[in-house]
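Trainee: Could you walk me through this structure step by step?
Mentor: Gladly, let's look at it together.

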Amino acid sequence: MSTTARDLRRRLKLLVGLGLAATLVLSGVYRAVHDDAARLAEASSPGVLAVDTARSSLLLAHEAVPESGLEGAGSGSFHTRVSVAHQALALAASENVTGIEGRRTLQTVTGLIAVYTGWVEQAHREPAGSPLRTAYLHYAARVLDDPDTDQDITGRLDLLREEQMAVAEKEAALGTWTAWALAVGAVLFAALCAALVEAQRFTRRRFRQVADVPLLLATVLWAAGAAVLAWHTAWTRAGAADALAELRGEPTGARVAEAGGSVAGHLADVGARAAVSDLVLVGGVALVALTVSGLLPRIAEYRPRRPR
């Protein structure tokens, strides 16, 4: 008795199972990689650079305050740089990279900047050469940057940056579970392709056809789709690594803006690639349906002969 119908059904079940499993795993990996990269581009990187901007602006503002006070250095220069620092801290708070603890740190830093500015302005009100002016500037310098403690402004910003970078490092890394899922997805895809090729050979041998067009088309589209996913994923991973390298450089002054431009370039279009995650799932299901359309007619047209 012929076993063709049973063999076709067995292959159909295998192809559907492998196709759905590969679709779920590969779409999950694609989404994980690109969602993390999108968060790195849209929140973590701007947050880190905002902290760099605030720190650098405050140190430059302090350089504009010599022992003689604000005169000569230009009060506009000092206050403008402090204002830039405030704007950068507001941006860092809006990015919310490290959650509530980070917001608390930024609130504390904002308060300390007010204390620092108060000491500088108090020094400015004292006559030149006054011991009080020197003392007030000393107090201001300690609030801004005291190397003996991490409770000063720059110390708190440095600690916040370390926490932000830990988040960015995690988003740029592949991750253990994602790496395992990627390996499983690659195995499933290889098994699926092998099963598709074997099914085509089986149908060609049993039905005397040159090729089963739906199966052949499904095989080609699976291979093309996987190649596109692999290319996008590698592109995104490389961009995230390059962006992270820029952030690790701890830019200061004008280099902050340059680093921001480089990071934006490395992570360009990541959001657009992340947005197609749902299409990966839909495309995989469509290819499974195409695979089914290649075998169901064969099962339907084959009728084993009944004994008379």
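Here are some questions and answers about the fold and its cores.

Mentor: This is a predicted model, where local features need pLDDT of at least 70, side-chain atom pairs count only at pLDDT 80 or more, and totals for chains, interfaces and linings use all residues. Residues are numbered from 1 along each chain as its sequence is written, and side-chain values use heavy atoms, leaving out hydrogens and water.

Trainee: How many helices and strands are there in the protein chain?
Mentor: Helices (H or I, at least four residues) and strands (E, at least two) are DSSP runs, numbered from the N terminus. Along the sequence the pattern reads α-α-α-α-α-α-α-α-α-α. The count is 10 helices and 0 strands.

Trainee: Is the protein chain compact or spread out?
Mentor: The C-alpha atoms fill a box of roughly 120 × 30 × 25 Å along the principal axes. The radius of gyration, taken over C-alpha atoms, is compared with a globule rule of 2.2 Å times the number of residues to the power 0.38. That rule gives 19 Å for 308 residues, but the protein chain has 31 Å, so it is more spread out than a compact globule.

Trainee: Which helix gives the most to the largest nonpolar core?
Mentor: A nonpolar core is a set of buried (under 20% relative accessible area, 1.4 Å probe, protein chains only) Ala, Val, Leu, Ile, Met, Phe, Trp, Tyr and Cys residues joined through side-chain atoms within 4.5 Å. The largest has 27 residues, and L58, F78 and I113 are among those touching the most other members. With 7 residues, the top contributor is α3.

Technical notes. Buried < 20%, exposed > 50% of the residue type's maximum accessible area, 1.4 Å probe, protein only.
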